[in-house]
Amino acid sequence: MADKITSRSQDYSQWYIDLVRSAKLADYSDVRGCMVIRPNGYAIWEKMQAALDRMFKETGHVNAYFPLFIPESYIAKEAEHIEGFAPECAVVTHGGGEELTEKLYVRPTSETIIWASYKKWIQSYRDLPILINQWANVVRWEMRTRLFLRTAEFLWQEGHTAHATREEASEEVMRMIGIYKKFAEEYMALPVIMGRKTDSEKFAGADETYCIEAMMQDGKALQAGTSHHLGQNFAKAFDCQFQTAEGRLDHVWATSWGVSTRLIGALIMAHSDDRGLVLPPKLATRQVVIIPILRGDRSAVLAGAETIARTLNQQGIPAFVDGSEQNSPGWKFAEYELQGIPLRIEIGPRDLAENKCIAARRDTLEKTELALDDTLPLRISEILNNIQQNLFDKALQFRTDNTREVSTYEEFRLAVEKGFVIAHWDGTAETEAKIKEETKATIRVLPAEDDYIQQYSMNEPGTCIFSGNPAKQKVVFAKAY
RNA sequence: CGGGGCAUGGCGCAGUUGGUAGCGUGCCUGCUUUGGGAGCAGGAGGUCCCGAGUUCGAGUCUCGGUGCCCCGACCA
């Protein structure tokens with residue numbers, strides 16, 4: 001046995017760390033809070049990027065790149081923004097051996113430097129909308145870090161759009177959070193609740209923040225993506241006005257939205273098990289590993305394996321053969337399970353004689369015999385689709401099983417230790433803060449999707465779980481990452 | 001920023017009253033193996049985190065420093 005992973009039941013947090021390291025997704029760096037994303041981890045990010053980037057382009061967005069360094073005076077322009085971000089910023093004070101006349105902030109997010117440009121680019125309503133996305137790294141000097149979930153430097157995409165009206169910006173905010181939900185559910189097989197954040201949880205400088213919130217296997221919530229309505233806050237801070245069709249001057253309306261490499265952490269914590277990573281096929285660079293059992297007529301077995309790989313690759317199913325003789329088949333089984341390859345095919349002399357092979361799926365660990373004929377690629381793609389669907393179904397079932405509606409604060413305190421809690425809230429920040437102080441649970445989301453609202457009758461008025469005051473609606477509470 | 005832990009071959013660890021460093025795994029070579037992390041034999045590999053001190057002698061004792069991890073408060 002090589003890298004042994006701590007079991008989830010024994011220590012969930014340690015399980016996560018062991019998994020990330022032994023599946024070679026990421027490694028610690030000697031720089032505090034920073035990580036090295038290894039090829040196995042980066043491959044997942046590349047799959048995510050490809051799918052998201054396509055979805056952004058399909059909705060009219062274009063990519064650009066803005067500088068890593070932001071002048072201090074820019075960051076300082078939006079009061080709430082600097083208050084929120086300044087404490088966690090890295091600041092460059094020297095360059096070329098000289099002290100800089102103005103300090104440069106390493107971007108924690110790019111609103112300010114982008115709006116300094118937008119101010120130059122926008123004069124008329126004819127210049128709007130601007131729909132720009134950038135793929136970049138950002139730095140936030142976090143107190144405490146966790147691989148993928150929270151690191152001092154991370155990779156993300158940030159969309160920054162400029163609009164002529166509040167309504168148009170609102171539509172953009174909802175369109176993008178909708179895309180994130182679609183991506184999470186269709187690609188990551190991760191069910192999410194889409195909705196709004198309370199004021200205390202919203203982005204520094206935003207009027208409104210929408211999010212997608214997911215449940216991890218320990219019942220805790222993870223914010224997987226955000227979309228912000230920035231109102232005219234940044235336009236005002238940067239004096240960015242435009243002339244309307246009617247000839248009036250107005251400040252530009254803004255949105256920003258992002259997802260980060262944190263999604264990789266979400267993916268791991270949602271689906272993986274004590275044997276290692278479990279990857280949804282749509283995010284697996286390598287979907288099928290073929291392991292020849294090299295006994296008897298080795299070259300025939302190896303040729304059989306290669307033929308399967310070639311056939312699958314021709315059908316667009318990424319497959320590869322591990323025919324190395326350095327490791328035993330058993331070793332390879334364990335290794336590729338650790339790495340989360342969705343499907344394994346075993347083929348040996350016995351199979352070859354009977355013109356079949358064994359398929360073992362990563363999610364359920366079930367083994368099936370498959371005939372080696374023209375139907376093989378189809379059967380395999382069916383299994384892969386089935387894995388993708390099964391992961392989503394399982395995660396959704398888990399979320400449902402670990403979501404509880406409560407009507408008393410006593411019930412609340414117990415339930416919130418085990419998952420999501422649906423409860424009435426009086427809408428005040430005071431109540432929210434006290435609940436957080438006493439239970440560590442926060443309001444994760446005010447759901448904004450019909451199915452979820454109906455399922456838990458979120459809009460039904462009632463009595464606040466904490467204060468006993470009238471409450472217009474229920475909200476989702478949970479402990480969060 | 002508080003509390004705790006760790007620092008010794010690539011990785012994981014042991015190292016007793018101070019005496020010149022060892023185990024597992026991985027790596028290299030060869031042979032035998034191969035349907036759930038194979039076996040045997042041989043081999044390579046270490047500034048013991050850094051600095052100072054005590055001592056004939058420090059991985060070990062003393063003082064100082066650094067780094068990382070974990071748990072909490074803050075955050076995507």
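1. Which residue in β25 is the bridge partner of Ile443? In this predicted model, the residue of β25 that forms a bridge with Ile443 is Phe477. The two strands concerned, β22 and β25 (residues 473-478), pair in the antiparallel sense over 3 bridges.

2. Strand β22, which runs over residues 442-447, is mostly covered, since 6 of its 6 residues are counted as buried. Besides its pairing with β25, β22 also pairs with β9, again in the antiparallel sense and over 2 bridges. In that second pairing, Gly195 has Pro447 of β22 as its bridge partner.

3. A residue that deserves a careful look is Lys197, which is placed in the loop between β9 (192-196) and β10 (208-215). Lys197 is buried because its relative accessible area is 1%, against a cut-off of under 20% for that class. The Lys197 side chain takes part in a polar contact of 3.0 Å with the side chain of Glu213, and in another, of 3.1 Å, with the side chain of Gln223. Leaving aside residues up to four places away in sequence, Lys197 touches Lys202, Thr209, Cys211, Glu213, Gln223 and Arg444; one of these, Arg444, falls within the residue range 442-447 of β22.

4. On helix packing, a general remark may help: two packed helices are described by the distance between their axes together with the angle between them. For helix α2 (residues 39-58) and helix α6 (residues 166-186), the axes come within 11 Å and cross at roughly 145°, and the crossing is right-handed. On the α2 side the contact is made by Met48, Ala51, Leu52, Met55 and Phe56, and on the α6 side by Met176, Ile179, Tyr180, Lys182 and Phe183.

5. Helix α1 (residues 12-22) has as its buried residues Tyr12, Trp15, Tyr16, Asp18, Leu19, Val20 and Ser22, and these pack against β1 (26-28), α8 (262-271) and α10 (329-338). The N-terminal end of α1 is capped by Asp11, a side-chain oxygen of which lies 3.2 Å from the backbone nitrogen of Ser13. Beyond the helix comes Lys24, a residue whose phi is positive, near 60°.

6. Helix α12, spanning residues 376-401, contains 26 residues and reaches 36 Å from its first C-alpha to its last, which is close to the 38 Å expected at 1.5 Å a residue. Its buried residues include the hydrocarbon side chains of Leu376, Ile380, Ile383, Leu384, Ile387 and Leu391. Also among the buried residues of α12 are Gln388, Asn390 and Arg399, and the list is completed by Pro377, Phe392 and Ala395.

7. Finally, there is an open sheet of 3 strands, arranged in the order β4-β6-β5 with antiparallel pairing. Its edge strands are β4 (69-71) and β5 (91-95), each of which pairs on one side only, and the twist averages 50° from one strand to the next. The pairing of β5 with strand β6 (residues 98-106) is antiparallel and extends over 4 bridges, with Gly95 standing opposite Glu98 of β6.

Note on methods: Residues are numbered from 1 along each chain as its sequence is written. Chains are lettered from A and ligands numbered from 1 in the order in which they are written. This is a predicted model: local features need pLDDT of at least 70, side-chain atom pairs count only at pLDDT 80 or more; totals for chains, interfaces and linings use all residues. Side-chain values use heavy atoms; hydrogens and water are left out. The expected span of a helix is 1.5 Å times one less than its number of residues. Buried means under 20% relative accessible area, exposed over 50%, partly exposed in between (1.4 Å probe, protein chains only). Two strands pair if DSSP finds at least two bridges between them. Axes are lines fitted to C-alpha atoms, for helices over the stretch in contact, and angles run from 0 to 180 degrees between N-to-C directions. Contact means heavy atoms within 4.5 Å. A polar contact is a pair of N or O atoms within 3.5 Å; within protein, one must be able to donate a hydrogen and the other to accept it, and residues adjacent in sequence count only if both atoms are side-chain atoms. A crossing is left-handed if the near helix is turned anticlockwise from the far one by less than a right angle, and right-handed if clockwise.
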